[in-house]
Amino acid sequence: MGNTESVVAQKRLARFRPDERPVVEGMFDRLQSGESSAVASGKGSGKVLTFDMLKSSMGTMASESMIKRVHQSMCSVDPGVPSPPTGPGTVAGVSREQLVIFLADVLRGTAEERAPLVMAMTQQGSQVTTCELVAEFLQDLVSAVVQILVLRGRLQGWKPDRMGDCSLGVKLLAEQMCSELKPSDQRSCDVTCLEDWIFRVSQVAVYLEMLVAEGLNVGLTSQAPPTLLPPCRETPLNNLHCMLDLPTLMFLAPQLPDSYSAPWKLLFSTRLHGESFSRLMGNCTKQGPTVLLLKDTKGHVFGGFASHAWELKPKFQGDSRCFLFTVFPQLRVYTCTGYNHNYMYLNHGQHTMPNGLGMGGQHGYFGLWLDSDFGRGHSRAKPKCTTYGSPQLSAEEEFTLDSMEVWGVGKPPEPDSDDEGPTKRSILNVDPEVQAMMEMTGKTLHSQGLREPEEEED
């Protein structure tokens, strides 16, 4: 550790593996010289790292405003040694010790250590950090992360040019992350507020680590780059301009239960398959967990995650892993309240039960409902959906559908080994209405005691 004189910097350097320490310590010389290989010789061309030197490394990965934030944060680090004297002609910049401490705190630090760095990135001059300034910082950060995913080829099969407006998605994701702040009066954020926020909102640290590691090309072998996008497979993106964008995917993917790591596959799209409820059912039933995405004619975008394969039956299904969400005008997720078990519902062709697809609430008062007529739906929540605690998702309670997509996000269920085909079950099991009508007309159900009783679902 001979190149850093600060005891603080040496302790920070000890957080890295022995084979990584020369890489971290050599970053100062490499950034100064602009060379692509790590050099730990300590023979830099100057005593400080300037903004232009940083820009030459990060310029393709981040905007100039984001690079300024990083440089400003580096300069704010207490190096643990006296600063070199300044005078006429002295160039302001980052010392070797400051860079080492900054890298250690960003890549291996705690929320407590990262909070002052984030605060320095958000501040402009001597301004107090506010929620608005944090939101501006987050827009720069999320934009940089998206740019890194594109430039590094980590799109996992997604094609940004065949997807939604990425710039809008960046703003929405930044606003969502900022909404998790718990500011003091006048919407100001001190270091304690930021520390709590970084601890709770894991994306802040993940995105910051990715920006620094990739932007400076640190190249630590012990830590693989994070996977921020789910794989996209068997989807004709060349023939489709899908409703999703990269930041929305970055938001939605971590919300799914850990067990759902299968590639995303487009099962249904009104732009490909038309506005047909029958086609929707045919494409989406028995396909495993799904993500539904709807857009109404007023521009609101919303949907839900269904944890179970959709089945056509006149009763609720699913479990507490289901949730509803909004994409526009805000990115939000609404999970189960425990009030009831009305998670998912899909029915068609019956006269006494609602026909359509729904999630949450109750019959006639769903948190999300698409009628079997397909073009119409509702989102009723006064004040909130009982199942998910969600507000009204659509622009108006009764909405007209503009477009819809359903994505398979899990493995389809295994077929029942005892399944003998469609003749196995009686029509009385398949359609309870038939049984009710026969009883009302006085018909005797001769097979009632002879048929095997259906097993109760969990």
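Helices here are DSSP runs of H or I with at least four residues, strands are DSSP runs of E with at least two, and the numbering starts at the N terminus. Keep in mind for every view that this is a predicted model.

**View 1. Two cis peptide bonds, each leading into a proline.** Most peptide bonds are trans, so these two are worth a look. One cis bond joins F328 and P329, with omega at about 15°. P329 sits in the loop between strand 5 (323-328) and strand 6 (332-335). The other cis bond links K382 to P383, and here omega is about 0°. P383 belongs to the loop between strand 10 and strand 11.

**View 2. A salt bridge inside the loop between strand 10 and strand 11.** K382, whose peptide bond to P383 is cis, also pairs up through its side chain. K382 and E397 form a salt bridge, with their closest N and O atoms 3.6 Å apart. Both partners lie in the loop between strand 10 and strand 11, so the bridge ties together parts 15 residues apart in sequence. K382 is exposed at 63% relative accessible area, while E397 is partly exposed at 23%. Elsewhere, salt bridges with shared partners connect R12, R15, D105 and E113 into one network.

**View 3. A salt bridge between two loops.** What do the side chains of E396 and K298 form? They meet in a salt bridge, 3.9 Å from N to O. E396 is in the loop between strand 10 (376-378) and strand 11 (398-408), and K298 is in the loop between strand 2 (290-296) and strand 3 (301-306), so the pair ties together parts that are 98 residues apart in sequence. With a relative accessible area of 42%, E396 is partly exposed; K298 is exposed, at 55%. For context, the whole structure has 24 salt bridges.

**View 4. R376 and D373, with F374 in the same stretch.** R376 and D373 bring their side chains together in a salt bridge, 2.8 Å from N to O. R376 is partly exposed, with 44% relative accessibility, and D373 is exposed, with 54%. Is F374 buried or exposed? F374 is buried, at a relative accessible area of 1%. This phenylalanine lies in the loop between strand 9 (365-371) and strand 10.

**View 5. Positive phi at two residues that aren't glycine.** Most residues other than glycine have a negative phi. F374 goes the other way, with a phi near 75°. E234 does too, at about 50°. E234 is placed in the loop between helix 10 (202-215) and helix 11 (246-252). The surroundings contrast: E234 counts as exposed at 63% relative accessibility, whereas F374 is buried at 1%.

**View 6. Aromatic pairs.** A search of the whole structure turns up twelve aromatic pairs. In one of them, the rings of F268 and F374 have centres 6.0 Å apart and planes at 70°, so the pair is edge-to-face. F268 lies in strand 1 (residues 265-269) and F374 in the loop between strand 9 and strand 10, so this contact ties together parts 106 residues apart in sequence. F268 and F374 are both buried. How are the rings of F316 and F366 arranged? That pair is tilted, at 6.0 Å centre to centre with 40° between the planes. F316 comes from strand 4 (residues 313-317) and F366 from strand 9, so the two tie together parts 50 residues apart in sequence. F366 is buried, with 0% relative accessibility. F316 and F366 also share one aromatic cluster with Y345 and W369.

**View 7. The nonpolar cores, with W407 as the centrepiece.** Nonpolar side chains tend to be buried together in soluble globular proteins. The largest nonpolar core here has 98 residues, and those with the most contacts inside it are F102, W158, W197, L216, L244, W264 and W407. Helix 7 (residues 131-151) gives the most to this core, twelve residues. Leaving out residues up to four places away in sequence, W407 touches a list of residues that includes W158, C232, T235, C242, L244 and W264. Also among the residues touched by W407 are K265, L266, L267, P289, T290 and V291. Another core, of 29 residues, lies apart from the largest one; F268, A306, L346 and L401 are among its members.

Note on methods. Residues are numbered from 1 along each chain as its sequence is written. This is a predicted model: local features need pLDDT of at least 70, side-chain atom pairs count only at pLDDT 80 or more; totals for chains, interfaces and linings use all residues. Side-chain values use heavy atoms; hydrogens and water are left out. A salt bridge is a side-chain nitrogen of Lys or Arg within 4 Å of a carboxyl oxygen of Asp or Glu. Buried means under 20% relative accessible area, exposed over 50%, partly exposed in between (1.4 Å probe, protein chains only). Rings of Phe, Tyr and Trp (its six-membered ring) pair if their centres lie within 6.5 Å; planes under 30 degrees apart count as stacked, over 60 as edge-to-face and the rest as tilted. A nonpolar core is a set of buried Ala, Val, Leu, Ile, Met, Phe, Trp, Tyr and Cys residues joined through side-chain atoms within 4.5 Å. Contact means heavy atoms within 4.5 Å.
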